[in-house]
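The exercises below are meant to be worked with the sequence and the model side by side. Please try each task before reading its solution.

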Amino acid sequence: RVEILMIQHLLLTRIEKNFDDSQCARAAVIYNHGFPDSSITPNPLSESEPSQQFSSRFPRKLCEHLILCVGGMAFVAFNARGVPGSTSSQPSCVEEPPPEFCDKTLTQDLEDLADVVKFVKAERFPSAKIFVCGFSTGAFLSLAYAARPDLHPPGGVDGCCALACVRDIPASVSLDFSADQRDAANEQGWCWKEFFPHGGQNNPQKWRLNRAYLQSYEAFPSAHDMGRALKMPVLLLHGAQDVHVPFDDHAQGLLDDLVSTGAGAKLCVIPKGNHFLSASAALNKGLAAIQSFIVEVLGDSPAKEAGSRPKAKA
């Protein structure tokens, strides 16, 4: 029950579901990857498993968990434009950037997320409750999208999960880009940005990225402004040992900012979790929290096979 397609003739997308075509979806989770990262690979990882195209561990484990544990589940993972696979012209090798990479912006990434959600709701699962779930950069994009009802499909969006989300989006450019990269972008209009294409030799690659990407952080609102616009429940997840988006600087402050506006947000602290939830115990805690959040929003629908679900392994 896996479908690989291109949305808007540009966005490489993988959809997996655990129900037959004659049945209706109850929940559709749209996963938004971080940066520099991707969700899926342009090509199958092996001939024996043509549908296993996840390029990152977390979306693969989240998909496996939700497909097993929540009935009527559809899991959607896509690559934003300019990320390998989501391009109008494939490079000659994985070490070369897609032509759209150089001109990427975060505001375009937000539009990509909106396009995928609209497609999923209108063309695949019109009766499903819609959840957006993002990691790192994808986390703040998911939260920002959740706070933009003008971008939502008819029927709206029902929940948002954000793992390792920053408190202040405009200021977080300094987390994603070094001082040298920011100076280069200001002085010459572009900088070299590291990227880890799946299967690339001698990763990370250094790909040219224009200044517009760095400037696009400023287009996003404060946490207070997002909180005032949120009309859905939000689950924040954050590893207490995250050094990329430090827990003490972001997690509780973001929660406080959102809750102070009346937003329905809660925080799941993962005690020994790093940025990527690399440890199996940390990953399992995060997966279980997302499952519980979805099941709670679904209401009276119990988790499928919840008592027998396996623990995630590396």
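A residue is called buried when its relative accessible area is under 20%, exposed when it is over 50%, and partly exposed in between, with a 1.4 Å probe and protein chains only. The structure is a predicted model, in which local features need pLDDT of at least 70 and side-chain atom pairs count only at pLDDT 80 or more, while totals for chains, interfaces and linings use all residues. Residues are numbered from 1 along each chain as its sequence is written, and side-chain values use heavy atoms, with hydrogens and water left out.

**Exercise 1. Backbone angles in loops**

Task: Find where His 9 lies, and decide whether His 9 is buried or exposed.

Solution: Begin with the location, which is the loop between S1 and S2; helices (H or I, at least four residues) and strands (E, at least two) are DSSP runs, numbered from the N terminus. Next, read the backbone: phi of His 9 is near 60°, a positive value in a residue that is not glycine. Finally, apply the cut-off: His 9 has a relative accessible area of 76% and is therefore exposed.

Task: Carry out the analysis for Asn 202, giving its loop and its phi.

Solution: Asn 202 belongs to the loop between S7 and S8, and its phi is near 60°, again a positive value in a residue other than glycine. Because its relative accessibility is 71%, Asn 202 counts as exposed.

**Exercise 2. Cis peptide bonds**

Task: Which peptide bond that ends at Pro 204 is cis, and what surrounds the residue before that proline?

Solution: The bond in question runs from Asn 203 to Pro 204 and has omega near 5°. Asn 203 sits in the loop between strand S7 (190-195) and strand S8 (205-210), and Pro 204 lies in the loop between S7 and S8 as well. At 30% relative accessibility, Asn 203 is classed as partly exposed. If residues up to four places away in sequence are not counted, Asn 203 touches Phe 195, Phe 196 and Pro 197, where contact means heavy atoms within 4.5 Å. A cis peptide bond also joins Phe 35 and Pro 36, with omega about 5°, and Pro 36 is placed in the loop between S3 and H1.

**Exercise 3. The sheet and its edge**

Task: What is the order of the strands in the open sheet, and which strands form its edges?

Solution: Start from the rule that two strands pair if DSSP finds at least two bridges between them. Strands of a sheet pair through backbone hydrogen bonds, either parallel or antiparallel. The open sheet has eight strands in the order S1-S2-S4-S3-S5-S6-S9-S10, and its pairing is mixed. Its edge strands are strand S1 (2-7) and S10, each of which pairs on one side only. Looking at one edge, strand S9 (residues 234-239) and strand S10 (residues 265-270) pair in the parallel sense over six bridges. Between S9 and S10 the chain passes through helix H8 (residues 247-259), and this β-α-β crossover is right-handed, meaning that, with the strands pointing away from the viewer, the path from the first strand over the helix to the second runs clockwise. To check the register, note that Leu 237 has Cys 268 in S10 as its bridge partner, and that Leu 235 stands opposite Lys 266 in S10.

**Exercise 4. Helix H1**

Task: Test whether the span of H1 fits its number of residues, and list its buried residues.

Solution: The expected span of a helix is 1.5 Å times one less than its number of residues. The 13 residues of H1 should therefore span 18 Å, and the end C-alpha atoms are 18 Å apart, which agrees. The buried residues of H1 are Phe 58, Pro 59, Lys 61, Leu 62, Cys 63, His 65, Leu 66, Ile 67 and Cys 69, and their cover includes S2, S3, S4, S5, S6 and H9.

**Exercise 5. A buried acidic residue**

Task: Is Asp 158 buried or exposed, and which residues does Asp 158 contact?

Solution: Asp 158 is found in the loop between helix H3 (137-146) and S6. With a relative accessibility of 19%, Asp 158 counts as buried. Leaving aside neighbours within four places in sequence, Asp 158 is in contact with Ala 128, Lys 129, Ile 130, Met 232, Pro 233 and Val 297.
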